[in-house]
Amino acid sequence: MITIKSEPLSAEAFAPFGAVFEAPADKRVYLDSSLVNRRPVAAKASFSLVQVAPKSERPLPLSIVERHEYSSQSFTPMDPGRFLVVAAPKNADGGADLSQIRAFVGRDFQSFTYGPDVWHGPITALDNPQRFAIMMFNDGASGDEDVVRHAAPFAVVELGF
């Protein structure tokens, strides 16, 4: 089993996988620069909402990674609390390089965007139920979402950030 130590979610640490945004007081932040559709033809914008129950098991086992080959995927928390963000680069065959997987603990209202073709785990609430708004692009073809379940799960050691 691969064990991953988590780190705080920050723009600098998450840069290899995408972008992190924090809204300053009394100002608007545009996330447009991180929204990407790499398909040769237009794909429709997909905006969805999800509520996730907190996971209390420690270390936290994860066995699924997914990617959106042609689209970025942005998450904006709608409730305060901590959440887990897991990302991995591609290996030489295009799959997830689990030897390079990283885990980040986001907090409260940090928004983040996975770049296109970035392998990542499912959004995971850590303390309380949380709702997230999700933005991406879909066209109904292959590449909208690839999900891989690994027989040997990896575990995230949550450090309490």
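**Loop residues, nonpolar cores and the largest pocket**

Met78 is found in the loop between β5 and β6 of this structure, which is a predicted model. With a relative accessibility of 36%, Met78 counts as partly exposed, because the value falls between the limits of 20% for buried and 50% for exposed residues. When neighbours within four places in sequence are left aside, Met78 is in contact with Leu49, Phe109, Arg131, Phe132 and Ala133. Lys55, by comparison, lies 23 residues from Met78 along the chain, and the C-alpha atoms of these two residues are separated by 18 Å.

A further loop residue, Tyr70, is placed between β4 (60-67) and β5 (73-77). Tyr70 is likewise partly exposed, its relative accessible area being 27%. Although Tyr70 and Asn37 are 33 residues apart in sequence, the distance between their C-alpha atoms is 5.8 Å. Asn37 is also one of the contacts of Tyr70 beyond four places in sequence, the others being Val36, Arg38, Arg39, Pro116, Ser142 and Gly143.

In the interior, the largest nonpolar core comprises 18 residues, and those with the most contacts inside this core are Leu9, Phe14, Val85, Phe112 and Tyr114. At least two core residues are supplied by each of α1 (11-14), β6 (82-88), β8 (111-114) and β11 (130-138), with β6 giving the most, namely 3 residues. A second, separate core contains 16 residues, among them Leu60, Leu62, Ala103 and Phe154. Within the largest core, Tyr114 may be considered in more detail: apart from residues up to four places away in sequence, Tyr114 touches Phe14, Phe17, Ser72, Gln73, Phe75, Val85, Val86, Ala87, His120 and Gly121. Two of these partners, Phe14 and Val85, are themselves listed with Tyr114 among the residues with the most contacts inside the core.

The largest pocket holds about 180 Å³ of space, and its lining consists of Phe21, Glu22, Ala23, Val29, Leu31, Thr76, Phe109 and Ser111. By residue class, this lining divides into 5 nonpolar, 2 polar and 1 charged. Phe109, which is part of the lining, is also a contact of the loop residue Met78. Ser111, another lining residue, is placed in strand β8 and has a relative accessibility of 9%, so that Ser111 counts as buried, the limit for this class being under 20%. Outside a range of four places in sequence, Ser111 touches Ala19, Val20, Phe21, Leu31, Phe75, Thr76 and Pro77; of these, Phe21, Leu31 and Thr76 also line the pocket.

How values were computed:
Residues numbered from 1 in each chain as written. Predicted model: local features only at pLDDT ≥ 70, side-chain atom pairs only at ≥ 80, totals over all residues. Heavy atoms only, no water. Helix = DSSP H or I, 4+ residues; strand = E, 2+ residues; numbered from the N terminus. Buried < 20%, exposed > 50% of the residue type's maximum accessible area, 1.4 Å probe, protein only. Contact = heavy atoms within 4.5 Å. 1 Å grid on protein atoms, 1.4 Å probe; cavity = no way out; pocket = protein on both sides within 12 Å on 5 of 7 lines; lining within 4 Å. Points joined across faces, edges and corners; volume = space filled by probe spheres on them. Nonpolar A, V, L, I, M, F, W, Y, C, P; charged D, E, K, R; others polar. Core = buried A, V, L, I, M, F, W, Y, C linked by side-chain atoms within 4.5 Å.
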